[in-house]
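Work through the exercises below with the sequence and the model open. Each task is followed by a solution in steps.

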Amino acid sequence: MGMRSSAVHKPSTPQSGSADKVIYMKIITWNVNGLRAALNKGTLNWVWEQQPDLLCLQEIKARPEQLKEEQRFFPGYDVVWNPAQKAGYSGVATFLRSPSLELRLGLDAPLFDIEGRVISTLHPGFRLFNVYFPSGQRGRERVEYKLDFYAHLLALCDALHKHGENVIITGDFNTAHMPIDLKNAKQNVRTSGFLPEERAWVQKFLDHGFVDAFRHLYPERVQYTWWTYRLGARERRIGWRLDYFLVSKTLMPLVRDVIVHEDVLGSDHCPVELILE
């Protein structure tokens, strides 16, 4: 199928996100840390074997026109692109087997939207946000930027919930919520990604009608989705859980499973899969 960058489909009605319309669906999220490299290495072959209904990629670091001609077409999928203005940085892409009912790029906030971090698509029964949350690793200014980003997204989701929509937020949250979500919690309390104020924002989403689907299903399970490339961290199982599915409470009865595919290589993150039925 061809590519689309800013097509807008018919507007939603308040009922368009109601849970009773959801059919069986498999959604995979993956921060690929560079789409061109992933395609060149055949990293995405695993994904195509899974045949997800929706695939959310983050940190694509590319515009579609930068892909080789033969790499620009993904049979069976329509692709929505939201690359960053800055070359080789950030960016998200959503792959759909069925067209979305409505499409929005960004958060209507230029400060965030130049970085290509959000795609919102509407499906029978729910609205899906594919999000690459900012990292706060480059200093306090970026931590503040990240917290403002969380606030903007939550305000948008609050409005959708108020209108009776079900929402799924997936992607790289760049924050581990609880000590169980990273190997060395005590040593990282002053590290961005586990700062109290970052964790508080993840909690705020949970206090505003969202459920961390993986943690709800597996309260005690220790699994990570990101490992630094340094010091053989992945082999030594020293990681962080940064990639989530936050699901509206009203949609949770339809969540059958969340699978962390920690053995799938090709990025410093692994893919995470949500099954609805």
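**Exercise 1.** How many of the seven residues of strand β8 (residues 126-132) are buried?

Solution. The model is predicted, so local features need pLDDT of at least 70 and side-chain atom pairs count only at pLDDT 80 or more, while totals for chains, interfaces and linings use all residues. Residues are numbered from 1 along each chain as its sequence is written, and side-chain values use heavy atoms, with hydrogens and water left out.

Step 1. Fix the terms. Buried means under 20% relative accessible area, exposed over 50%, and partly exposed in between, with a 1.4 Å probe and protein chains only. Strands are DSSP runs of E with at least two residues, helices are runs of H or I with at least four, and both are numbered from the N terminus.

Step 2. Count. Seven of the seven residues of β8 are buried, so the strand is largely enclosed by the rest of the structure.

Step 3. Check both faces. Phe126, Leu128, Asn130 and Tyr132 point one way, Arg127, Phe129 and Val131 point the other way, and all are buried.

**Exercise 2.** Identify the strands that pair with β8 and the sense of each pairing.

Solution. Step 1. Two strands pair if DSSP finds at least two bridges between them.

Step 2. Strand β7 (residues 118-123) runs antiparallel to β8 and is joined to it by six bridges. Within this pairing, threonine 121 has leucine 128 as its bridge partner. The hairpin has two residues between the strands, and glycine 125 there takes a positive phi near 100°.

Step 3. Strand β9 (residues 167-172) pairs with β8 in the parallel sense, over six bridges. Here asparagine 130 stands opposite threonine 170.

Step 4. Add the connection. With helix α4 (residues 140-162), β8 and β9 make a right-handed β-α-β unit. Right-handed means that, with the strands pointing away from the viewer, the path from the first strand over the helix to the second runs clockwise.

**Exercise 3.** Classify two aromatic pairs and place their residues.

Solution. Step 1. Rings of Phe, Tyr and Trp (its six-membered ring) pair if their centres lie within 6.5 Å; planes under 30 degrees apart count as stacked, over 60 as edge-to-face and the rest as tilted. The structure holds 18 aromatic pairs.

Step 2. Tryptophan 48 and phenylalanine 74 lie 5.8 Å centre to centre with 45° between the planes, a tilted pair. Tryptophan 48 is in helix α2 (residues 45-50) and phenylalanine 74 in the loop between β3 (54-58) and β4 (78-82), 26 residues apart. Tryptophan 48 is partly exposed at 25% relative accessible area, whereas phenylalanine 74 is buried at 5%.

Step 3. The ring centres of phenylalanine 133 and phenylalanine 149 are 5.4 Å apart and the planes are at 70°, so this pair is edge-to-face. Phenylalanine 133 is in the loop between β8 and α4, and phenylalanine 149 is in helix α4, 16 residues apart. Both residues are buried.

Step 4. Ring pairs link both into a cluster that includes Phe112, Tyr145 and Tyr150.

**Exercise 4.** Compare the settings of glutamine 51 and glutamate 59, which both have a positive phi.

Solution. Step 1. Most residues other than glycine have a negative phi.

Step 2. Glutamine 51 has phi near 50°. This residue is in the loop between α2 and β3 and is exposed, with a relative accessible area of 52%.

Step 3. Glutamate 59 has phi near 55°. Glutamate 59 is in the loop between β3 and β4 and is buried, with a relative accessible area of 14%.
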